[in-house]
Amino acid sequence: MSNIPTAGYGTLAGATATTPPTTTSLVTPRPWREFLDFSALSRPSSYDDAMIRLRRNLSYFRYNYAAVTLLIVFLSLLWHPISMIVFFLLLAAWFYFYFSRHGPIVVFNQTLDDRTVLGVLAVITVVALVSTHVGLNVLLSLIVAVVFVGLHAAFRVTEDLFLDEESRLLSVVGTQPLRTNYTPI
């Protein structure tokens with residue numbers, strides 16, 4: 001956080017204003033009701049439309065897709081107790097580093113992006129579970145998860161998603177067009 005001295009109109013000389021810290025797109029949990037809304041599913045009109053939906057939904061529902069993938073992997077490990085213990089330890093790491101953090105992760109003065117954190121945790125999870133000799137289970141569960149996530153992301157309509165908070169605010173406040181033809185004084 002930086003303190004920037006300001007002495008403009010309406011401020012006291014020497015008063016400081018604090019600026020909020022800039023974060024690199026922290027993962028936002030989306031409501032499960034919105035994620036599982038079956039009325040928002042429709043067949044894409046073309047391959048390009050499906051790819052646009054896929055990119056937008058993967059970005060918007062990133063938290064939900066990660067949770068669903070972990071649930072599918074968990075269900076594939078129900079009959080492997082050692083792998084379940086490893087999975088619960090990894091789940092604690094996922095919870096700490098991905099699901100419940102409130103700020104960006106900084107390593108050696110470098111801020112890590114959410115996608116980097118997601119990728120590193122995914123690789124660590126797969127390697128740790130494969131090392132417990134459940135490689136086929138993990139592979140099959142990841143294939144099922146990728147198929148589910150891909151189908152949901154391709155068939156989920158994206159017109160009702162707000163990718164940035166400014167557009168969400170505008171949709172709540174009103175949809176008045178912005179005036180840009182001001183007369184100079």
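How far apart are the end C-alpha atoms of α3, and what span should its 15 residues give? They are 21 Å apart, which agrees with the 21 Å expected at 1.5 Å a residue; the expected span is 1.5 Å times one less than the number of residues.

A word on what you're looking at: this is a predicted model, where local features need pLDDT of at least 70 and side-chain atom pairs count only at pLDDT 80 or more, while totals for chains, interfaces and linings use all residues. Residues are numbered from 1 along each chain as its sequence is written, and side-chain values use heavy atoms, with hydrogens and water left out.

**View 1. The whole protein, with seven helices and four strands.** Helices (H or I, at least four residues) and strands (E, at least two) are DSSP runs, numbered from the N terminus. Follow the chain along and you meet β-β-α-α-α-α-β-β-α-α-α. Of the 185 residues, 26% count as buried (buried is under 20% relative accessible area, exposed is over 50%, partly exposed is in between, with a 1.4 Å probe and protein chains only). Look at contacts (heavy atoms within 4.5 Å) between residues at least 6 apart in sequence: 71% of them join residues at least 24 apart.

**View 2. Helix α3 and its neighbours.** The buried residues of α3 include R62, Y65, V68 and I72. The buried residues of this helix pack against α1 (32–35), α2, α4 (81–99), α5 and α6.

**View 3. Helix α6, with S141 tucked in.** The 21 residues of α6 should span 30 Å at 1.5 Å a residue, and its end C-alpha atoms are indeed 30 Å apart. Among its buried residues are V138, A145 and H152, and the buried residues of α6 pack against α1, α2, α3 and α5. S141 sits in this helix and counts as buried because its relative accessibility is 4%. Leaving aside residues up to four places away in sequence, S141 touches I72, V73 and S76.

**View 4. The largest pocket.** A pocket is an open set of points on a 1 Å grid over the protein atoms alone, where a 1.4 Å probe fits, with protein on both sides within 12 Å along at least five of seven lines; lining residues have an atom within 4 Å of a point. Its 21 lining residues include R62, Y65, A66, T69 and L118, which lie nearest the centre. Two or more lining residues come from each of α2 (47–60), α3 (62–76), α5 (114–130) and α6 (135–155).

**View 5. Two polar side chains meeting the backbone.** A polar contact is a pair of N or O atoms within 3.5 Å; within protein, one must be able to donate a hydrogen and the other to accept it, and residues adjacent in sequence count only if both atoms are side-chain atoms. R30, in the loop between β2 (16–18) and α1, is buried at 11% relative accessibility. Its side chain reaches the backbone oxygen of Y60 at 3.1 Å. S46 lies in the loop between α1 and α2 and is partly exposed at 35%. A polar atom of its side chain lies 3.2 Å from the backbone nitrogen of D49.

**View 6. F108 and N109, in the loop between β3 (105–107) and β4 (110–112).** Most residues other than glycine have a negative phi. F108, though, has a positive phi near 50°, and N109 has a positive one near 60°. F108 is exposed, at 78% relative accessible area, and N109 counts as exposed at 74%.
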